[in-house]
Amino acid sequence: MCGVFVETCLRLDVYDVLDGAVSQSRPRNGALRWQTQDGEVVSAVGFQLQWPSPIQGELLLTYAEDSGTPDPIRLRIGLTRTRPGFGGHRWWFLCPVGDEDVHCERRVKMLFLPPLGLHFGCRTCHGLHYRSQYKPRRA
């Protein structure tokens, strides 16, 4: 086995955040919560959604790290859209992982926060794998 599995991470889906806000292109504030099957809240993030242009958005996440430090983490994530060949449009996160000068900016539908991680990022930047990739193949 190698690395961390996607299934152990918190997942942030672009459409959970947008939830109808795109059609009005208006700012939106809210919170997202992750729960166990028993309904116990495992983690939560606050967010602000802004629309600098009709084809680009900006998401600001605010959350505390597990170590209990008093200063919350603030993470700015870009949003962009593309037009699929079958019509309409599709929204994407731009992966925010990187340093001050260079960010990954890969277009992704989901961002992940690994256990003990500090920032949401794409599967590639966090080196994540699906558990099913390591299941034995049937003969």
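**Exercise 1.** How many residues of each class, nonpolar, polar and charged, does the lining of the second largest pocket have?

*Solution.* The model is predicted: local features need pLDDT of at least 70, side-chain atom pairs count only at pLDDT 80 or more, and totals for chains, interfaces and linings use all residues. Residues are numbered from 1 along each chain as its sequence is written, and side-chain values use heavy atoms, without hydrogens and water.

Step 1. A pocket is an open set of points, on a 1 Å grid over the protein atoms alone, where a 1.4 Å probe fits, with protein on both sides within 12 Å along at least five of seven lines; lining residues have an atom within 4 Å of a point.

Step 2. The second largest pocket holds about 200 Å³ of space. Its lining has 13 residues, and Arg-76, Cys-95, Pro-96, Val-97 and His-103 are the closest to its centre.

Step 3. By class, seven are nonpolar, four polar and two charged. Ala, Val, Leu, Ile, Met, Phe, Trp, Tyr, Cys and Pro count as nonpolar, Asp, Glu, Lys and Arg as charged, and the others, Gly among them, as polar.

**Exercise 2.** Place β6, the source of the largest share of that lining, in its sheet.

*Solution.* Step 1. Strands are DSSP runs of E, at least two residues, numbered from the N terminus; two strands pair if DSSP finds at least two bridges between them.

Step 2. The open sheet runs β3-β4-β5-β6-β7-β8 with antiparallel pairing. Its edge strands are β3 (28-35) and β8 (107-108).

Step 3. Eight bridges join β6 (residues 73-82) to β5 (residues 56-63), with Arg-76 opposite Leu-60.

Step 4. Five bridges join β6 to β7 (residues 90-94); here Leu-79 stands opposite Phe-93.

Step 5. β6 gives four residues to the pocket lining.

Conventions. Grid points are joined across faces, edges and corners, and a volume is the space filled by probe spheres set on the points.
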